[in-house]
Structure formats: C-alpha cells, structure tokens
Amino acid sequence: MLEFDDAQRQLAQGAAAPTRSTRVPLHQAPGLVLATDIAATLDLPPADNSAMDGYALRYEDYAAAGGAHRALPVQQIVYAGQAPAAQAPGQLTRLFTGSLMPAGADTVVMQEDTRVVGDGVEILAEPKPGQHVRLRGEDVSAGQPLLAAGTRLEAAHVALLASQGIAEVTVHPAVRVGILTTGDELVTPGEPRSSHQIYNSNGVMLAALVNGMGARATHVLHARDDEASLQAALRTLTDECDLVLSVGGVSVGDKDLVKPALESLGGTLALWKVRMKPGKPVAMAHVGGKPIVCLPGNPVSAYAVFTVLVTPLLRRMQGRTEIFPQVSYLTLRTPKPRHDAREEFLRVKRVVNAGSVGELQVFDRQSSGVMSSLPWATGLARIPAGVPVYDGEKVAYYDFRHWQA
C-alpha cells in the first residue's frame with residue numbers, strides 16, 4: 001500500500017497547471033481562478049471624503065475660535081456625489097458619510113458632537129486634527145498590486161475589482177469534471193427500488209463537491225458492471241472532460257472491472273491502494289493525457305478521499321496558487337484510544353468553547369457505512385498509523401470549509 005502523504009503528493013502532480021485563459025464579465029468570475037496579476041489603476045478612495053455624518057472645518061478655525069461652545073456658520077451642504085466649493089475660513093460645511101471634503105477643510109466633527117444654535121452650529125467636544133477623514137489613496141494606491149494570478153475569486157475579490165472600475169477579468173476556464181458511478185446494485189433516486197438495490201448517492205454528492213470548488217461537473221454517468229458499459233462511459237468522459245472521477249469497481253472483487261476497462265483504453269494505473277481509513281482502494285490513471293481518479297464505492301469513503309486526496313489535484317488543474325489548504329492541530333475528545341494500522345480519518349465536529357480555539361468531538365459511529373456522519377461533521381481528524389491517540393491529545397484537523405473550497 002502507498003503511504004497517505006506519498007499518495008497525496010503524487011495525486012496533486014497528476015495533471016499540469018492550466019495554460020488556457022478567457023475573459024469573463026466580473027459577475028461571472030466568482031469561483032474561477034485569475035490567470036493574470038492585477039494592479040490598481042486608481043486610488044481608493046479617489047478623493048478625501050467624510051467617514052461620518054457631521055461638519056467639516058479647518059482645524060485652525062476651531063483653535064482660533066477659542067475651542068468648544070462657539071457657534072460657527074454653515075457655508076454649504078454637500079451630499080455624497082456632489083462637488084463642494086472650497087472651505088471658507090471660519091465656517092463649517094455640512095456633509096454626510098461619503099461626502100467629498102471641501103478643499104482646505106481637514107477635520108470632521110461628527111453630528112453627535114454638535115448642536116444647532118440659531119444660524120450656526122456649536123461644537124460640543126474638542127476634535128482631533130484630521131479626525132473622521134478618509135484620505136485619498138489610504139486604502140489602495142494606483143499602481144500597487146491588487147490580486148495575484150492563482151487567486152480563486154470570491155465576492156470580496158470582485159467587490160475590490162469593481163471598485164477599480166474593472167468590468168472583465170482574465171481567468172482560467174472552469175475545469176470540466178466527469179463523474180462515473182458503477183454497480184448493478186445502484187438505482188437513481190426517484191426511481192423504483194428493489195430490496196436488493198440501494199439508491200445512488202455518490203453521483204450527486206461528488207457533483208456537489210466539484211461544483212462547490214468552482215469546477216463544473218459536466219457529466220454524471222452510471223455504468224453497469226460489465227466492461228463494455230464501463231468502456232463506453234469512460235470514452236465519453238475522457239473525450240469531453242478534463243478530469244474524470246470514477247466511483248467503485250477498483251477493489252479486488254469479481255465485478256471490480258474499472259481497472260481492466262481503463263487498461264483497454266490505454267490507461268495505466270499510477271496508484272493502487274492507499275494506507276488510509278476510510279478509502280484504501282484508490283487508483284489513478286491517464287487516458288489521452290487526462291487524469292482519471294478511481295475512488296472507493298462507499299459514499300463515506302469517496303467523500304473522505306475526495307476531500308484530502310482529490311482536491312489538491314483539482315486546485316492544481318484550476319491554476320490556484322494554494323494547492324494544499326491549512327491543517328490545524330486541535331484537541332481530540334474521544335471516549336476510547338484510537339489506534340489502527342492505517343492512517344485513520346475520523347469524522348469530527350469542531351466545538352468552540354469560551355476562550356478556546358476549539359476541540360474535536362468524534363462521531364460515535366465511524367463505520368464507513370454511516371452516512372449520517374457526513375452532514376454532522378465539520379472536518380476530518382487524522383490519526384497516525386500504528387500510534388495510539390488518547391483523549392486530550394492534539395491531532396491534525398482537515399476542515400471541510402478549507403479542504404472542500
């Protein structure tokens with residue numbers, strides 16, 4: 001069997017980084033990966049403006065007036081989006097959050113620290129010079145690096161780009177992923193089921209995981225347990241997809257026919273059996289230069305293998321800079337010692353108590369057939385092979401929020 005870390009590294013190098021790129025409108029960019037660096041083209045904010053509803057003044061006028069409790073006249077009212085006149089000495093400008101600062105004004109007194117008195121406004125609390133003013137370029141300066149190639153774009157990124165007036169970006173196209181489930185015992189959800197059959201949950205599960213990473217599940221096919229059916233499905237997927245994920249049929253049973261079907265198409269297995277639990281039967285091949293990753297048929301095992309072994313490969317194919325997300329080390333809470341000859345990935349939930357970074361609770365049933373553990377869990381706790389781990393020890397934690405994103 002191949003050690004887990006070796007399998008993870010080899011799978012991550014199972015395909016080349018992308019070379020194709022395309023231009024897309026900004027609203028279509030979330031989930032895709034930048035193909036080029038982007039630098040700022042203008043200062044943010046583009047001009048000095050007020051951070052508060054209140055009154056702008058020249059601080060020297062406040063000091064010259066002898067401090068607080070002297071009413072100053074209001075020269076003008078400026079709303080956001082209007083251009084103010086220059087600040088007259090000894091007067092105030094009424095403005096609002098986002099209003100441009102008048103030329104010459106350098107300080108804003110917020111509305112709560114003022115009182116209208118007759119035709120003027122009295123300042124009730126001593127301001128600090130320059131307070132409540134957003135200076136031009138204090139957030140972003142024109143010319144500075146904004147986003148780097150390899151960044152997976154999310155809402156925050158496109159907001160920043162839009163603030164620069166950018167309407168289109170150059171990205172790598174979404175990776176097209178084909179999913180193949182196998183097995184005569186599987187029935188499509190919604191169809192009648194006999195007592196000897198089970199519903200196929202792997203197809204929709206993997207499609208959701210793929211799409212959640214910003215790739216695109218373009219085909220979800222099912223093949224019966226015969227080599228001709230498998231060959232036809234694999235041929236379609238390798239012709240029309242960039243990456244193929246097959247589920248089941250890679251163990252040692254009489255109907256585990258994926259391996260010979262791949263070999264008949266010219267594929268050669270690069271991996272075979274990983275020292276991990278769940279998920280030992282894992283294989284990788286290439287057909288026509290395209291990677292095919294063969295996952296175990298059990299949905300829990302397929303879920304775990306996709307999370308920790310397949311996602312680095314998918315990130316590489318997307319062109320991302322970060323291939324391996326962060327791994328945390330948190331305290332494991334377990335009623336019994338954990339010990340296995342293989343690396344074990346326990347389904348756990350991170351629970352944060354007051355003043356702590358969190359502890360990991362173990363789902364009470366760790367059989368690979370317990371699907372109810374998947375929506376309960378927030379991640380996987382890695383238990384080293386051959387080493388007993390006791391309650392209260394720290395273990396590696398693979399958070400789904402990071403490893404499935």
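## A walk through the chain, starting at Arg-333

Let's start with one residue and its neighbours: leaving aside residues up to four places away in sequence, Arg-333 touches Glu-359, Leu-360, Gln-361, Val-362, Asp-391 and Gly-392. Keep in mind as you look that this is a predicted model. Arg-333 sits in strand β23, which covers residues 328-333. Is Arg-333 buried or exposed? Neither label fits, because its relative accessible area is 35% and partly exposed is the term for values between under 20% (buried) and over 50% (exposed). For a sense of distance, pick out His-27, which is 306 residues away from Arg-333 along the chain. The C-alpha atoms of these two are separated by 43 Å.

Now step back and take in the whole chain. Its secondary structure comes to 9 helices and 27 strands. How far does the C-alpha trace span along its principal axes? About 95 × 50 × 40 Å. The radius of gyration is 30 Å, while a compact globule of 405 residues would be near 22 Å. Even so, 47% of the 405 residues count as buried. Among contacts with a separation of 6 or more, 70% are between residues 24 or more positions apart.

What about the outside? The accessible surface comes to about 18,500 Å², and carbon and sulfur atoms make up 51% of that. As for charge, there are 37 positive and 40 negative side chains, and the centres of the two sets lie 6 Å apart.

Next, zoom in on helix α3, residues 155-163. Its buried residues are His-157, Val-158 and Leu-161. Look down the axis of α3 and you'll see these buried residues fall within an arc of 90 degrees, so they line one face of the helix. There's a general pattern to help here: an α-helix has 3.6 residues a turn, so residues three or four places apart point the same way. On the other side of α3, Ala-155 and Ala-156 are exposed. And what covers the buried residues of α3? The cover includes β3 (38-39), β12 (145-147) and β13 (168-172). After α3 comes Gly-165, with a positive phi near 80 degrees.

Gly-165 has a counterpart of sorts in His-132, which has a positive phi of about 60 degrees although it is not a glycine. You'll find His-132 in the loop between β10 (120-123) and β11 (133-134). His-132 counts as partly exposed, at 25% relative accessibility.

While we're on the backbone, there are cis peptide bonds to find. Leu-44 and Pro-45 are joined by one, with omega about -10 degrees. Pro-45 belongs to the loop between β3 and β4 (49-50). Further along, the bond from Lys-277 to Pro-278 is also cis, and its omega is near -5 degrees. Pro-278 lies in the loop between β20 (276-277) and β21 (283-287).

One last stop: Ala-385, in the loop between β26 (379-383) and β27 (394-399). This residue is partly exposed, with a relative accessible area of 30%. Setting aside residues up to four places away in sequence, Ala-385 touches Asp-340, Ala-341, Arg-342 and Glu-343. Glu-185 is 200 residues from Ala-385 along the chain, and their C-alpha atoms are separated by 33 Å.

Terms used: Residues numbered from 1 in each chain as written. Heavy atoms only, no water. Helix = DSSP H or I, 4+ residues; strand = E, 2+ residues; numbered from the N terminus. Rg over C-alpha atoms; globule rule 2.2 N^0.38 Å. Buried < 20%, exposed > 50% of the residue type's maximum accessible area, 1.4 Å probe, protein only. Contact = heavy atoms within 4.5 Å. Areas by Shrake-Rupley, 256 points an atom, 1.4 Å probe, with all protein chains shown as cover. Lys, Arg positive; Asp, Glu negative; His and termini not counted. Charge placed at Lys NZ, Arg CZ, Asp CG, Glu CD. Arc of directions from axis to C-beta.
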